Amino acid sequence: MPEPSDPAFVINCPECDMGGEFDDTSAASHFYSKHREHTGHEPEWERADLDVSLANYTHWNVFCDVCAETWSFSSDSEADAFMDEHATYTDHEATGITTESGTRVADVGDLKEVVTEFESATADGMPESLLFTLTDDLEISQSQLSSKIEKLKQLGEIYEPATGHLRTT
């Protein structure tokens, strides 16, 4: 997370090395759209402090060396029950259980709220690159975020009015 004295938004243009640091969304959005309008360049949002709902999670992973498989469960009781079933329906027992905890975007609806809030950032909608500034803070990979964006598109919740930009329906 940025230090309190750091600006909320950082935008840089990789094509001309021009950029800026901004404390509010409207100033950052204004710079982004005006730079794009006057140069035709696609500036990149390098950092954005966006208020996104996070959910804590814990996964119980059952692994089996014999099967060379791992299965993930949302509770220890589900993992235990699976281990018992595994022993019953195979000729061996699963090797063990590990846990994994962290935070993530609570659900795709939270991303839709972010798109709704920032879709007026430019005339074409919210720059998709702005969403990708969240990946480090949310401990989510870019591919996981891409999957969530695609799911919202498939559900008809968001669309792409221009390449690399998002709007809600």
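Are Phe 9 and Trp 45 buried or exposed? In this predicted model, both Phe 9 and Trp 45 are buried. That pair of residues makes a good starting point for a walk through the structure, so keep them in view as we go.

Let's begin with the strands that carry them. Phe 9 sits in strand β1 and Trp 45 in strand β3, and the two residues are 36 apart along the chain. Their strands belong to an open sheet of 3 strands, ordered β2-β1-β3 with antiparallel pairing. At the edges you will find β2, spanning 19–22, and β3, spanning 44–48, each of which pairs on one side only. Averaged over this sheet, and with direction ignored, neighbouring strands are turned by 10° against each other.

Now look at how β1 holds its two partners. Strand β1, residues 9–12, pairs with β2 in the antiparallel sense over 4 bridges. Along that pairing, Ile 11 stands opposite Gly 20 of β2. The hairpin made by β1 and β2 has 6 residues between the strands, and there Asp 17 takes a positive phi near 65°. Turning to the other partner, β1 and β3 also run antiparallel and are joined by 4 bridges. Here Asn 12 has Glu 44 in β3 as its bridge partner.

Back to our opening residues, this time looking at their rings. A pair of aromatic rings is described by the distance of the centres and the angle of the planes. For Phe 9 and Trp 45 these are 6.0 Å centre to centre and 80° between the planes, an edge-to-face pair. Ring pairs also bring in Tyr 32, linking Phe 9, Tyr 32 and Trp 45 into a cluster. Searching the whole structure gives 5 aromatic pairs. Another of them joins Phe 22 and Phe 31, a tilted pair with 5.4 Å between the centres and 35° between the planes. Phe 22 and Phe 31 are both buried as well.

What surrounds Trp 45? Leaving aside neighbours within four places in sequence, Trp 45 is in contact with Phe 9, Val 10, Ile 11, Ala 28, Ser 29, Tyr 32, Pro 127, Ser 129, Leu 130 and Thr 133.

Stepping back, we come to the nonpolar interior. In soluble globular proteins, nonpolar side chains tend to be buried together. The largest nonpolar core here has 23 residues, and the members touching the most others are Phe 9, Ile 11, Trp 45, Met 126, Leu 131, Leu 145 and Ile 149. Two or more residues each come from β1, α1 (25–39), β3, α3 (108–118), α4 (128–131) and α6 (142–154). Helix α3 gives the largest share, 4 residues. There is also a second, separate core of 6 residues, which includes Val 62, Cys 64, Ala 79 and Ala 94.

The cysteines deserve a look of their own. How many disulfides does the model contain? The count comes to 0. Take Cys 13: its sulfur lies 3.7 Å from the closest cysteine sulfur, in Cys 16, and that is too far for a bond, because a disulfide needs the two sulfur atoms within 2.5 Å. Cys 67 is in no disulfide either, and its nearest cysteine sulfur, that of Cys 64, is 3.7 Å away. The settings of these cysteines can be read from their accessible areas: Cys 13 is buried, with a relative accessible area of 1%, whereas Cys 67 is partly exposed, at 30%.

For a residue on the outside, try Ser 101. You will find Ser 101 in strand β6, residues 96–105. Ser 101 counts as exposed because its relative accessibility is 54%, and the cut-off for exposed is over 50%. Between Ser 101 and Trp 60 there are 9.0 Å in space, C-alpha to C-alpha, although they are 41 residues apart in sequence.

Our last stop is another sheet. This open sheet has 3 strands in the order β7-β9-β8, with antiparallel pairing. Its edge strands are β7 (126–127) and β8 (158–159), each pairing on one side only. Strand β8 runs antiparallel to β9, residues 165–168, and 2 bridges join them. Within that pairing, Ile 158 stands opposite Thr 168 in β9. There is a link back to the interior too: Met 126, listed among the core members that touch the most others, falls within β7, residues 126–127.

How values were computed. Residues numbered from 1 in each chain as written. Predicted model: local features only at pLDDT ≥ 70, side-chain atom pairs only at ≥ 80, totals over all residues. Heavy atoms only, no water. Pairing = 2+ DSSP bridges. Axes fitted to C-alpha atoms, helices over the stretch in contact; angles between N-to-C directions. Buried < 20%, exposed > 50% of the residue type's maximum accessible area, 1.4 Å probe, protein only. Core = buried A, V, L, I, M, F, W, Y, C linked by side-chain atoms within 4.5 Å. Contact = heavy atoms within 4.5 Å. Phe/Tyr/Trp six-rings, centres within 6.5 Å; stacked < 30°, edge-to-face > 60°.
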